[in-house]
Amino acid sequence: MSKMTPQEMAQKIGSGLLSFPVTPFKADYSFDEATYRANMDWLCGYDVAGLFAAGGTGEFFSLTPTEVPEVVKVAVDETKGRVPVLAGTGYGTAIAREIAVGAEKAGADGLLLLPPYLTHSEQEGLAAHVEAVCASVKIGVIVYNRDNAILQPDTLARLAERCPNLVGYKDGIGDIELMTRVYTKLGDRLTYVGGLPTAETFALPYLDMGVTTYSSAVFNFVPEFATNFYAAVRKRDHATIHAGLKDFILPLIAIRNRKKGYAVSIIKAGMKVIGRDSGPVRPPLTDLTEQEMAELIALVKNLPAAGSSQQAAE
């Protein structure tokens, strides 16, 4: 069980950079625990405020409800309290509650509630879904506003009143007007997380709207770049931010946008580039082509701090 209160967890993750470690798989797509442990231990050596086990980049959607708590337990065991570990949960309400309870028992410090599976619903239904998950655990819950789960400010406000452990709001749609209305309505009641892919492109404008942190997928394989970029955002160092976008983030996005599902695939490819091969992505995702891998290798090679990432894996 987590030793952090929901409010302590929210305050901690709002203070720095967040990331979603990949879930390593073997050639037969089974969970590669040894590689996961090595990756988690390595990432804990960098300045990160929270790691999300079995999240979106961790291929939550391809894990079974039984596998999620297993992955979370390994993450909690390996990080040894050095950094908060949050777990993904989602699908239908009953399954989301089941995963949430399992993740809490595994020692997770919090939960990220992903959108319900497939179906669209009204605000009352979404609110009931969120409230049910919050009521099933004592740890803090962050809702992910994305796709078919767009909570409006009034709905969030009612949930915040009814659910003391609802402590975070992650934005994954990029609606600046909605983000402004949410922050104006709830203020400091929630911790706000930037969750657009790729979050670095929106980090600076979102900071001015009260979004103090974001989830960096590239932290998985270029943690020096990711932490330096985050520091530049917090200092509003426009020159460093624009250089990072121009030289790395935007070219990376150009590769990512070529095929559906590459937002995850390109991160696993990056792990291979730096010598921390974490296996293939599970179907229905597909891995990068050899040509795309070559482009990614060149991008990483040109980063000033790339060498230290590669050495850390050796």
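**Figure 1. The loop between β7 and α8, and two cis peptide bonds.** In this predicted model, T198 is placed in the loop that runs between β7 and α8 (203–207). The peptide bond leading from P197 to T198 is cis, with omega near -5°. A cis peptide bond also joins P283 and P284, where omega is about 15°, and P284 belongs to the loop between α11 and α12 (290–301).

**Figure 2. Strand order and edges of the open sheet.** The sheet is open and has 8 strands, arranged in the order β1-β2-β3-β4-β5-β6-β7-β8 with parallel pairing. The edges are taken by β1 (18–19) and β8 (213–214), each of which has a single partner strand, so that one side of each is left without a neighbour in the sheet. Helix α3 (residues 67–79) packs on the sheet, where it touches β2 (50–53) and β3, and its direction makes about 175° with that of β3.

**Figure 3. Strand β4 and the strands with which it pairs.** Strand β3 (residues 85–89) and strand β4 (residues 110–113) run parallel and are joined by 4 bridges; within this pairing, L86 stands opposite G110, while the bridge partner of G88 is L112. The pairing of β4 with β5 is likewise in the parallel sense, over 4 bridges, and here G110 stands opposite G140 of β5. Both faces of β4 are covered, since G110 and L112 on one side and L111 and L113 on the other are all buried. Two right-handed β-α-β units include this strand: β3, α4 and β4 make one, and β4, helix α5 (residues 123–135) and β5 make another.

**Figure 4. Strand β6 between β5 and β7.** Strand β6 (residues 166–171) is mostly covered, with 6 of its 6 residues buried. Strand β5 (residues 140–145) pairs with β6 in the parallel sense over 5 bridges, and N145 has D171 of β6 as its bridge partner. The pairing of β6 with strand β7 (residues 191–194) is also in the parallel sense, over 4 bridges, with K170 standing opposite V193 in β7. The chain passes from β6 to β7 through helix α7 (residues 176–186), in a β-α-β crossover that is right-handed. A right-handed β-α-β unit is also made by β5, helix α6 (residues 153–162) and β6.

**Figure 5. Two buried glutamates in helices α3 and α4.** E78, a residue of helix α3, has a relative accessible area of 12%, and because this value is under 20%, E78 counts as buried. When residues up to four places away in sequence are not counted, E78 touches R37, M40 and D41. E104 is found in helix α4 (residues 93–105) and is also buried, with a relative accessible area of 8%. With residues up to four places away in sequence again left out, E104 touches M1, S136, V137, K138 and I139. The C-alpha atoms of E104 and T79, which are 25 residues apart along the chain, are separated by 16 Å.

**Figure 6. Positive phi values in two loops that follow strands of the sheet.** L118 is found in the loop between β4 and α5, and its phi is near 65°, a positive value in a residue other than glycine. The relative accessible area of L118 is 66%, which is over 50%, and L118 is therefore classed as exposed. D147, in the loop between β5 and α6, has a phi near 55°, again a positive value in a residue other than glycine. D147 counts as exposed at 58% relative accessibility.

**Figure 7. Packing of helix α10 against helix α11.** Helix α10 (residues 238–256) and helix α11 (residues 262–273) pack at an angle of about 120°, and their axes lie 9 Å apart. The crossing in which α10 passes α11 is right-handed. On the α10 side the contact is made by L252, I255 and R256, and on the α11 side by Y262, A263 and I266. By residue class, the contact of α10 with α11 comprises 5 nonpolar residues, no polar residue and 1 charged residue.

Technical notes: Residues numbered from 1 in each chain as written. Predicted model: local features only at pLDDT ≥ 70, side-chain atom pairs only at ≥ 80, totals over all residues. Heavy atoms only, no water. Axes fitted to C-alpha atoms, helices over the stretch in contact; angles between N-to-C directions. Left-handed = near helix turned anticlockwise from the far one by under 90°. Contact = heavy atoms within 4.5 Å. Nonpolar A, V, L, I, M, F, W, Y, C, P; charged D, E, K, R; others polar. Pairing = 2+ DSSP bridges. Buried < 20%, exposed > 50% of the residue type's maximum accessible area, 1.4 Å probe, protein only. Right-handed = clockwise from strand over helix to strand, strands pointing away.
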